[in-house]
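Let's take a quick walk through this one, starting with a single spot and then stepping back to the whole chain.

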Amino acid sequence: MKIFLLILFLAVGSGAPGKEKPNIVVIFIDDMGYGDIGPFGSQLNDTPHLDRMAGEGRKLTSFYSAAPVCTSARAALMTGCYPGRVGLAKGSGHIVLFPGDPHGLNPEEWTMAEMFKSAGYATGCFGKWHLGDQPEFLPTAQGFDAYFGIPYSNDMWPALRRFQCPDLPVLRDAKVVDLVKTMDDQARLCQRFTDEAVKFIRGNQQKPFFVYLPHAFVHHPRLARPQFMEKAANTTKAQIEEVDWSVGEILKCLREANLAENTMVLFTSDNGGARGCVNAPLRGGKGSVWEGGMREPTVVWWPGTIPAGTSSDEVMSTMDLLPTFEKMAKAPRRKNSLPIDGKDISEILLGWDGARSPHEYFFYHQADNLRAVRSGRWKCFQDGRLYDLESDIGEKRDVAQQHSEVVKRLQRAMKDFDVEMKAALRPVGFVKDSRTLVPRAGVEGEEAYLPTLSLKRK
Ligand SMILES: [Ca+2]
């Protein structure tokens, strides 16, 4: 009996969900720049938790988002596809989705959360969704067991004067439970999402879990909690330092629960830094297809498994995470799966010797338009400008003249990909009679729920 108990104890003590299926946490910042955090060279912002995370983990210096704006970037992360392939290269009538939009991530698409569920994971999303606010499109309809957050960008509220937005709702699962009405409410979002994620981790240790933490910070309008505002010179710095606090809370929670050695955490941003952020040494920022619009400050951490203090400059993207996690989670093979663009990058993340990017090409899009391609050290634009990113990360010197054969090859690759992609577009999700989740203040009856983009812009 004693021996039996001892064996049982050992089996449980070694962490039954074990290395077999690691927990996965994705921390996804909004509009943060490549140079905004210590591990990527920031001298402005104090980010001790990210510094420690990178010191214990691995920096990915050529890790891309598949789009330079919110909605499409998130569509790519969730589906492993270029956003155009799943109908979300842009919103309808705007570059991103708006309150009450009839469009959203098609429920027919296989999301990262649905993949994790198929592998037996508990799944939680805490933060900004921005893939459609109609019930059919919300996280709880797309594979997440639990959701707490805002359905779209934090600036889509009545203070956004050009548009007629309702109050900014906060949802628990699919139900509106609160409104963000003031800047002080905005300032609490980072803490609220973090607390929910921590609570979920603490409450879901019986199975492996997947936590997606897409912060509303550091998207305008910016304000952090008072303790961060007091020591910071401006709201951007304060928000970045509060995001760093959030990272610290997540890692602390994992350590305290003895989960650190069985959990991979990936930190990145949805697109390049907006006004006030630092994209240096990269050129451009949010919305652009310069490196600053799409190359993200990315750190992965998994103590004991990912080699500490290392980095990789292999070309990878958010699209690779779905197939990579699918492998790590040992998800059952899907029947009739639709093609995706991402590929397994687990060997690079885990720091295996000689692991190389599975991609010959990474394509940069702005809405529906294919703008550029990266292949190894080279980045070529549609119009034939060529940059050597290995010697010129800031895209300052066009070297097309010296390498005309490279330009020719990459322009052909762009053309071929564009043809292939346009022949295989899948439909965006659509619902009839969409309405906003909350009424616009001061408007009576059903009219108060009209989609924002159906109303006059000011
Ligand atoms: Ca964004």
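## A buried alanine

In this predicted model, alanine 216 is buried: 26 other C-beta atoms lie within 10 Å, and 20 or more is what it takes to count as buried. As for where it sits, alanine 216 belongs to the loop between β9 (209–214) and α7 (226–231).

Who keeps alanine 216 company? Setting aside neighbours within four places in sequence, its contacts are Asp30, Gly127, Lys128, Ile150, Asn154 and Leu189. There's also phenylalanine 28, 188 residues away along the chain, with a C-alpha to C-alpha separation of 9.0 Å from alanine 216.

## One face of α2

Now have a look at helix α2, residues 48–56, where His49, Leu50, Met53 and Ala54 are buried. Looking down the axis of α2, you'd find its buried residues within an arc of 135°, so they line one face of the helix.

And what covers them? The cover over the buried residues of α2 includes β2 (58–60), α8 (235–256), β10 (263–269) and β11 (298–301).

## The whole chain

Zooming out, the protein chain has twelve helices and 18 strands. Its C-alpha trace spans about 75 × 65 × 55 Å along the principal axes. The radius of gyration is 22 Å, which agrees with the value near 23 Å for a compact globule of 458 residues.

Of the 458 residues, 52% are buried. Sequence-distant pairing shows up too: take the contacts between residues at least 6 apart in sequence, and 68% of them join residues at least 24 apart.

How values were computed:
Residues are numbered from 1 along each chain as its sequence is written. This is a predicted model: local features need pLDDT of at least 70, side-chain atom pairs count only at pLDDT 80 or more; totals for chains, interfaces and linings use all residues. Helices (H or I, at least four residues) and strands (E, at least two) are DSSP runs, numbered from the N terminus. The radius of gyration is taken over C-alpha atoms; the globule rule is 2.2 Å times the number of residues to the power 0.38. A residue is buried if 20 or more other C-beta atoms lie within 10 Å of its own, exposed if 12 or fewer, and partly exposed in between; C-beta atoms are placed from the backbone. Two residues are in contact if their C-beta atoms, placed from the backbone, lie within 7 Å. The arc is that of the directions from the helix axis to the C-beta atoms.
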